[in-house]
Amino acid sequence: AEAASFLTTTVSLANYDALLAMDGVSNAVLVKQPTLVVLAEHDKAVKLASSRAVFDALSGPKEVVTLASGHSMFGDIKADDAVAQVDRWMGLRLKP
């Protein structure tokens, strides 16, 4: 059996119209839970300003971290930085 990888070199555009119709800001207002948003400074798929607008609209406790990486930060040289930030944030909120 061949193991599937969640990191691929191609992107399906089957849901492109649905993605364009999404309003992340309107949905973000409904989020009350603590949220960590990890942004990629060099993301060519999602504009940094768009991601920032969603972050700003979150109504619960929130933190933003911006990494000098591209859209797939877990697949490039910033993977360790991204994982470290998520680990740090989760460690502050989860009880042993």
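Here is a short chat about a pocket, a strand residue and a helix in a predicted model.

Biologist: Which element gives the largest share of the lining of the second largest pocket?

Modeller: That pocket has a volume of about 280 Å³, and 11 residues line it, with Val38, Asp43, Val46, Ser51 and His71 closest to its centre. Two elements, helix 3 (48-57) and strand 1 (35-40), each give two or more residues to the lining. The largest share is 4 residues, and the element behind it is strand 1.

Biologist: How many nonpolar residues does the lining of that second largest pocket have?

Modeller: Let's split the lining by class. There are 2 polar residues and 1 charged, and the nonpolar count is 8.

Biologist: Is Thr35 buried or exposed?

Modeller: Thr35 sits in strand 1. Leaving out residues up to four places away in sequence, Thr35 touches Leu58, Pro61, Lys62, Glu63 and Trp89. Its relative accessibility is 17%, and buried means under 20%, so Thr35 counts as buried.

Biologist: What arc do the buried residues of helix 4 cover around the axis?

Modeller: Helix 4 runs over residues 79-93 and reaches 22 Å from its first C-alpha to its last, close to the 21 Å expected. Its buried residues are Ala79, Ala82 and Trp89. They lie on the same side of helix 4, because the arc they cover is only 110 degrees.

Biologist: And which strands do those buried residues of helix 4 pack against?

Modeller: On the other side of helix 4, Asp80, Asp87, Gly91 and Leu92 are exposed. The buried residues, for their part, pack against strand 1 and strand 2 (62-67).

Technical notes: Residues numbered from 1 in each chain as written. Predicted model: local features only at pLDDT ≥ 70, side-chain atom pairs only at ≥ 80, totals over all residues. Heavy atoms only, no water. 1 Å grid on protein atoms, 1.4 Å probe; cavity = no way out; pocket = protein on both sides within 12 Å on 5 of 7 lines; lining within 4 Å. Points joined across faces, edges and corners; volume = space filled by probe spheres on them. Nonpolar A, V, L, I, M, F, W, Y, C, P; charged D, E, K, R; others polar. Buried < 20%, exposed > 50% of the residue type's maximum accessible area, 1.4 Å probe, protein only. Contact = heavy atoms within 4.5 Å. Expected span 1.5 Å × (residues − 1). Arc of directions from axis to C-beta.
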